[in-house]
2 protein chains.
Amino acid sequence: MAGKPLIESDRVEGTSVYDPKGNNIGSIKRLMIEKISGKVAYAVMAFDTFLGMGGDEYTIPWNKLDYDTSLGGYRTDITEEQLRGSPSFYRDRDYDWTDRNRERELHDYWRTPYYWGV
Amino acid sequence: MAGKPLIESDRVEGTSVYDPKGNNIGSIKRLMIEKISGKVAYAVMAFDTFLGMGGDEYTIPWNKLDYDTSLGGYRTDITEEQLRGSPSFYRDRDYDWTDRNRERELHDYWRTPYYWGV
């Protein structure tokens, strides 16, 4: 994947995610795409092997993930503690993402720029 | 899907595409995403049932597709003739998308704005 500016969505799905120490902490299940702009807003991750969090899905701002060619997966600086304390609304699979204030809350929690701009 | 501002990548994959008359002309296989910006650049479509084009895959600028809630799929104004005459380089599955001039050619052909801005 190195050097290629574009990546296939079905290649991102299933890709492993690693913590800062290089431990595999789960994988990407899918991406959440803003329909109108065509921008990837979030990655839904499953932390399959994370301590005590088996099966849970977490929606992470896309820009929290960096592709690491040496790992063959995405690297993130998020920690288990951060995940446990993160806003829980977006873990609801039926959440409809129509409340921008909640998305602000999510981005503010992760200290990352809003994908829709300022 | 109506009203939801975000859509799951694995829900887009497999969604049917319809021509202006409402005929099902194929389906979306995957999305091509610009890694750095996180923007969806293209949709790769398979025109399974298109006349004489079974199995071929075509990469279409994402903004050529509009979701139509009444159809439960994407509507496009592209025609078979346009597809037959479109630049062929991007039908190569190993194409690496590193040549922006070719992407310009593709967007110019489809008369659609560049996804990377002017």
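Here are a few exercises on this structure, each with a worked solution.

This is a predicted model, in which local features need pLDDT of at least 70 and side-chain atom pairs count only at pLDDT 80 or more, while totals for chains, interfaces and linings use all residues. Residues are numbered from 1 along each chain as its sequence is written, chains are lettered from A in the order in which they are written, and side-chain values use heavy atoms, with hydrogens and water left out.

**Exercise 1. Work out how chain A is related to chain B.**

Step 1: superpose the copies by least squares on the C-alpha atoms of residues with pLDDT of at least 70 in both. A turn of 180 degrees with a shift of 0.0 Å along the axis lays chain A on chain B, and the RMSD is 0.0 Å.

Step 2: give that a name. This is the relation of a two-fold axis.

Step 3: find the axis in chain A. K39(A) is the residue of this chain that comes closest to it, with its C-alpha at 2.2 Å.

**Exercise 2. Describe the largest pocket and what lines it.**

Step 1: settle the term. On a 1 Å grid over the protein atoms alone, using a 1.4 Å probe, a pocket is an open set of points with protein on both sides within 12 Å along at least five of seven lines, and lining residues have an atom within 4 Å of a point.

Step 2: get the volume, meaning the space filled by probe spheres set on the points, which are joined across faces, edges and corners. For the largest pocket that comes to about 340 Å³.

Step 3: look at the lining. It has 19 residues, and W62(A), N63(A), L65(A), K35(B) and I36(B) lie nearest the centre. In chain A, β4 (39-46) and β6 (65-68) each give at least two lining residues; strands here are DSSP runs of E with at least two residues, and helices are runs of H or I with at least four, numbered from the N terminus.

**Exercise 3. Find the residues at the centre of the second largest pocket.**

Step 1: start with the space, about 290 Å³.

Step 2: go through the lining of 18 residues; K35(A), I36(A), W62(B), N63(B) and L65(B) are the closest to the centre. Two or more lining residues come from each of β4 (39-46) and β6 (65-68) of chain B.

**Exercise 4. Track down the ring contacts of Y114(A).**

Step 1: set the rule. Rings of Phe, Tyr and Trp (its six-membered ring) pair if their centres lie within 6.5 Å; planes under 30 degrees apart are stacked, over 60 edge-to-face, and the rest tilted. That gives 16 aromatic pairs over all chains.

Step 2: pick the partner. Y114(A) is stacked with W116(A), at 4.7 Å centre to centre and 5 degrees between the planes.

Step 3: widen the view. Ring pairs join Y114(A) to a cluster with Y42(A), Y95(A), W97(A), Y115(A) and W116(A).

**Exercise 5. Which backbone angle of W97(A) stands out, and where does this residue sit?**

Step 1: recall the background. Most residues other than glycine have a negative phi.

Step 2: check the angle. W97(A) isn't a glycine, yet its phi is positive, about 60 degrees.

Step 3: place the residue. W97(A) is in the loop between α2 (80-85) and α3 (100-110) of chain A. With a relative accessible area of 4%, W97(A) is buried (under 20%; exposed is over 50%, partly exposed in between, with a 1.4 Å probe and protein chains only).

Step 4: try the other case. R111(A) also has a positive phi, near 50 degrees, but R111(A) is exposed at 80%.
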